[in-house]
Each structure stands twice: as structure tokens, then as C-alpha cells.
Amino acid sequence: MADINEIATAFTKFYYETFDRSRQELLSLYRDPSMLTFEGQQFVGASNVVEKLVSLPFQKVQHRISTTDAQPGSPNSGSIIVSVTGALLIDEEQNPQMFSQTFQLVPENGSYWVYNDIFRLNYA
């Protein structure tokens, strides 16, 4: 079994590179029971989650990851909890916005899909 920190780091790199390039391509990471809580709004189902992400009101975004932490999600299921902090630059803004995001990844056929996704901007 691969180290959960290696899995978390690889997932994080893939997720944010894909998000920054084409949010629609994130659909393959979600399933029908997937849940997103985005700034307190809840969305259920892969298509609803990705619809929300695609509808965000910016054209360009760049994530800069500061930390990635991982823990086993369940002793029996092989799921992984991934917590990410960082900064994001939106469109032509020069001042980054700080964010935190937490994922629960569920194993499936040698890969993982996102069951839970919680996103918050962090205000000072």
C-alpha cells in the first residue's frame, strides 16, 4: 500500500493543476454521493459539485499550496482525509486570498475519488 502522504501530495498536485487549467475536468474525481461544502453552501452529486466549481465568477485562478496533511479516514475503508492550506490568485488580482480545503478520498480500482470536499476562504 502506498504511503498516505504520498497519495495526498499527488492528489493535491493533480487536483489544483486541473482546477487551475479546466475546472470541468474535475468531474472524474467525484461520484453521485460526493458532497461539496463551499463557503457554507452544500452541493451533492458529481454534476452539482462541478457545476458549482465551473460557475465561480473568475476566469483565471492559480493555487499556491502551503501545506498538505493526511490521515487515514477509516480503519476499514482505506479512505484518506487530506487537509490543504494555501493562497489563490484570482484573475488579475495581486493580493492572494488564503484558503483551506479538506477532502475525504475513497479508494476505487487502484485510484481515489472525492467523497467529501469542504472549502473556505480564510479572512484575517
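Visitor: In which loop does Glu39 lie?

Guide: This is a predicted model. In it, Glu39 lies in the loop between E1 and E2.

Visitor: What is the phi of Glu39 near?

Guide: Start with the general idea. Most residues other than glycine have a negative phi. Now the case here. Phi of Glu39 is near 50 degrees, a positive value in a residue other than glycine. The hairpin of E1 and E2 has two residues between the strands, and Glu39 takes its positive phi there.

Visitor: Is Glu39 buried, partly exposed or exposed?

Guide: Think in cut-offs. Buried means under 20% relative accessible area, and exposed means over 50%. Partly exposed is in between. Glu39 has 27% relative accessibility, so Glu39 counts as partly exposed.

Visitor: Which other residues have a positive phi?

Guide: Take Asp91. Asp91 is not a glycine, yet its phi is positive, about 50 degrees. Asp91 lies in the loop between E4 and E5. With a relative accessible area of 32%, Asp91 is partly exposed. Then look at the hairpin of E5 and E6, with two residues between them. Asn109 in that turn has a positive phi of about 50 degrees.

Visitor: Now the strands. How do E1 and E2 run, parallel or antiparallel?

Guide: Follow the bridges from strand to strand. Four bridges join strand E1, residues 30-38, to E2, and the two run antiparallel. Check two pairs. Phe38 stands opposite Gln41 in E2. Thr37 has Gln42 in E2 as its bridge partner.

Visitor: And how do E1 and E6 run, parallel or antiparallel?

Guide: E1 and E6 run parallel, joined by five bridges. Find Phe38 again. Phe38 stands opposite Phe119 in E6.

Visitor: How many bridges join E5 to E6?

Guide: There are 11 bridges between E5 and E6, which run antiparallel. One pair to look for is Ser100 and its bridge partner in E6, Arg120.

Visitor: What is the order of the strands in the whole sheet?

Guide: Read across the sheet, not along the chain. The order is E2-E1-E6-E5-E4-E3. It is an open sheet of six strands with mixed pairing.

Visitor: Which strands stand at the edges?

Guide: Strand E2 (41-44) and strand E3 (61-72) stand at the edges. Each has a single partner strand, so one side of each is left without a neighbour in the sheet. The sheet also twists, by an average of 15 degrees from one strand to the next.

Visitor: Which strands does helix H1 lie across?

Guide: Trace H1 over residues 4-21. H1 lies across E1, E3, E4 (80-90), E5 (97-108) and E6 (111-122). Its direction is at about 155 degrees to E3. Helix H2, residues 46-54, packs on the sheet too. H2 touches E1 and E2, and its direction makes about 40 degrees with that of E1.

Visitor: Which residues does Ile4 touch, leaving out those up to four places away in sequence?

Guide: Start with its place, which is in helix H1. Leaving out residues up to four places away in sequence, Ile4 touches Ala70, Gln71, Pro72 and Ile80. Ile4 has a relative accessible area of 17%, so it is buried. Now compare chain and space. Ile4 and Val82 are 78 residues apart along the chain, but their C-alpha atoms are separated by 9.1 Å.

Visitor: Where is Gly45 placed?

Guide: Gly45 is in the loop between E2 and H2. Is a loop residue buried or exposed here? Gly45 has 9% relative accessibility, so it counts as buried. Beyond four places in sequence, Gly45 touches Arg31, Asp32 and Ser34. Gly45 and Met35 are 10 residues apart in sequence and 6.3 Å apart in space, C-alpha to C-alpha.

Visitor: Last, the largest pocket. Which residues lie nearest its centre?

Guide: Phe38, Leu56, Phe58, Leu88 and Phe119 lie nearest the centre, out of 17 lining residues. The volume of this pocket is about 230 Å³. H1, E1, E3, E4, E5 and E6 are the elements that give two or more residues to the lining.

Visitor: How many of the lining residues are nonpolar?

Guide: The lining has 13 nonpolar residues, three polar and one charged.

Technical notes: Residues numbered from 1 in each chain as written. Predicted model: local features only at pLDDT ≥ 70, side-chain atom pairs only at ≥ 80, totals over all residues. Heavy atoms only, no water. Pairing = 2+ DSSP bridges. Axes fitted to C-alpha atoms, helices over the stretch in contact; angles between N-to-C directions. Contact = heavy atoms within 4.5 Å. 1 Å grid on protein atoms, 1.4 Å probe; cavity = no way out; pocket = protein on both sides within 12 Å on 5 of 7 lines; lining within 4 Å. Points joined across faces, edges and corners; volume = space filled by probe spheres on them. Nonpolar A, V, L, I, M, F, W, Y, C, P; charged D, E, K, R; others polar. Buried < 20%, exposed > 50% of the residue type's maximum accessible area, 1.4 Å probe, protein only.
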